[in-house]
Structure formats: C-alpha cells, structure tokens
Amino acid sequence: MLKIDVLTIFPEFFGQVFDFGIIRRAKLAEIVEINVHDLRDYAFDKHRMVDDRPFGGGDGMVLKCEPIFAAIENLIGTSERSEYPALTHVVLLSPQGKPFKQTDAQAFADDAKHIVMICGRYEGVDERVNETLVTDEISIGDYVLSGGEPAAIVIADSIVRLLPNALGSDTSAENDSFSDGLLDCPHYTRPANFRGMSVPEVLLNGNHAEIGKWRSIKALEKTRANRSDLLTGENGEM
Ligand code: SAH
C-alpha cells in the first residue's frame, strides 16, 4: 500500500478532495492511504509560528524550518535524508521544481512506498528544507499558485489512478494521453445524433480494426494541433 502524507498550513483546504471516484475507491480498497497534517501541530513555540520574515528583507513571509523538520521526523522517523527508508520520497511543491510529467506519475506509482508532500505558502519555504530534507522538488507547471495545496492534489491524483488495480477492470490508463507519447483520441457517446451533430460513422460500424486505425489517426491529429512539442520531443521527456 502506498502511503501519502500532506503537510500544509491549511488542512481544511483538502476537505473531501480525496473522497470521490478512483481515489475514494483506492482508499477503500487499501491501495493507498492519504493523510493531511496541519503544519501548525509541529510548531512548538508559544505562538505556534510557522512563518517568519525573509532574511535580507523584501516582501512576504517564508515558511520556517523547525516545524517542517519536526513533521518529517515524526512522519518518517528521521530528518537525515540518507536514513530515509527505501522508496520514501519527500516532495517539495515549488514553481522552481522539475516539471511533473505522466512519466513521473508512473514512476511514483510503480516504486514509491511513502510520499510526503510539503505545501509551500507565501514567498515559499526556507531553502534549507529543500537542501536537506527534500528528495524531489516538483512543479506542476510554469505558473505561480498561491500555495502548494492544489499541486499536491494534482500529483496525488495522477499517481493514485496509476496504482495497480486502482482503475478497475473496465478502464485502463494505457490509452490515456501521454502514456504512449501522444494525446488521447476524441470520445463520443449516445445519442449518435445530437442537435444535428452526428458521431463519426466509423465508430458505429463495429469494425474494430477500422476503429483502432481511426483512433490512432485522430490521436495524432490532436497531438499535432495542440501539442506538437510531444512529436518533436522538444519537452525532453516523452
Ligand atoms: N516566490 C516563489 C513562489 C511562491 S508561491 C517563487 O516565485 O518561486 C507559494 C507556494 O505555492 C510555493 O512555495 C509552492 O509550494 C506553491 N506553488 C506555486 N506555484 C507552484 C507550481 N507551479 N507548482 C507547484 N507548487 C507551486
């Protein structure tokens, strides 16, 4: 079973996000356990301070080291990175991180046993956390969020649906976008004719070889139109 722990100053933010669909089923089937922890529970000074002003001046606040180190010691048993149990990852969500790709989600789903995700806020997290505790500094895209929480949800979701048996027998991730380096093909369902818009004829004729061919062509067309970087290998990953 994969264990995911999320460290945040806004635990309520997560509400019921992990209680629907594939993730809910995976939790019930004990394929994954997800726990959200309040960083403030690890702030031991009398004001339970988790942030402070940046050295060197400038705007905003920075999340402090002490509560994060204490939380990692509690959740992993050590804050010595070299002593983390095998297949343990400490992820820092950060726009400065390595861009997260489907191949990364797959690698975590294949191998990880324990993932702790640290959600930054304000100007970010004291860099000593990154320098000494973090194994993976990850960005979900080239834009800046107000906190790491939405990124933690994105990453947890994309990993959990790839865990063995999470999708159930009626669905599979094999044809999903990115799994073969292309986007997925378009999908249609009933009615075959809706307000004068009809479904491509080939999908209705039951000829699976032809349908397969049509889907490959459409996947390629869609990739060329929306994500030509996937075809030229410009994003370096696929
Ligand atoms: N000053 C920082 C941005 C801080 S945003 C900078 O310019 O790099 C506050 C927090 O939101 C970050 O600490 C991080 O945890 C989260 N965050 C913002 N954008 C993100 C992204 N693209 N991917 C992952 N986490 C992000």
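1. Start with the ligand's nitrogens. In this predicted model, a polar backbone atom of I140 sits 3.1 Å from one of the ligand's nitrogen atoms. L145 does something similar: one of its backbone N or O atoms is 3.0 Å from a nitrogen atom of the ligand.

2. Now for an oxygen. Here the partner is L93, which places a backbone N or O atom 2.6 Å from an oxygen atom of the ligand. On its own the ligand has 560 Å² of accessible area, and the protein covers 87% of that.

3. If you're looking around the site, there are 20 residues around the ligand. The ones that come nearest are L93, Q96, G120, E123 and Y143. So L93 turns up both in that nearest set and in the backbone pairing with a ligand oxygen.

4. On the overall fold: I'd note 7 helices and 9 strands in the chain. Along the principal axes, the C-alpha atoms fill a box of roughly 70 × 40 × 40 Å. Of the contacts with a separation of 6 or more, 74% come from residues 24 or more positions apart.

5. What about burial and surface? The chain has 238 residues, and 42% of them are buried. Its accessible surface comes to about 13,900 Å², with carbon and sulfur atoms contributing 50% of it.

6. Last, the charges. Count 24 positive side chains against 38 negative ones. The centres of those two sets lie 6 Å apart.

Key: Residues are numbered from 1 along each chain as its sequence is written. This is a predicted model: local features need pLDDT of at least 70, side-chain atom pairs count only at pLDDT 80 or more; totals for chains, interfaces and linings use all residues. Side-chain values use heavy atoms; hydrogens and water are left out. Helices (H or I, at least four residues) and strands (E, at least two) are DSSP runs, numbered from the N terminus. Buried means under 20% relative accessible area, exposed over 50%, partly exposed in between (1.4 Å probe, protein chains only). Contact means heavy atoms within 4.5 Å. Accessible areas come from the Shrake-Rupley method with a 1.4 Å probe; for residues, only the protein chains shown count as cover. Lys and Arg count as positive and Asp and Glu as negative; His and the chain ends are not counted. The place of a charge is taken as NZ of Lys, CZ of Arg, CG of Asp or CD of Glu. A residue is near a molecule or strand if one of its heavy atoms lies within 4 Å of it. A polar contact is a pair of N or O atoms within 3.5 Å; within protein, one must be able to donate a hydrogen and the other to accept it, and residues adjacent in sequence count only if both atoms are side-chain atoms.
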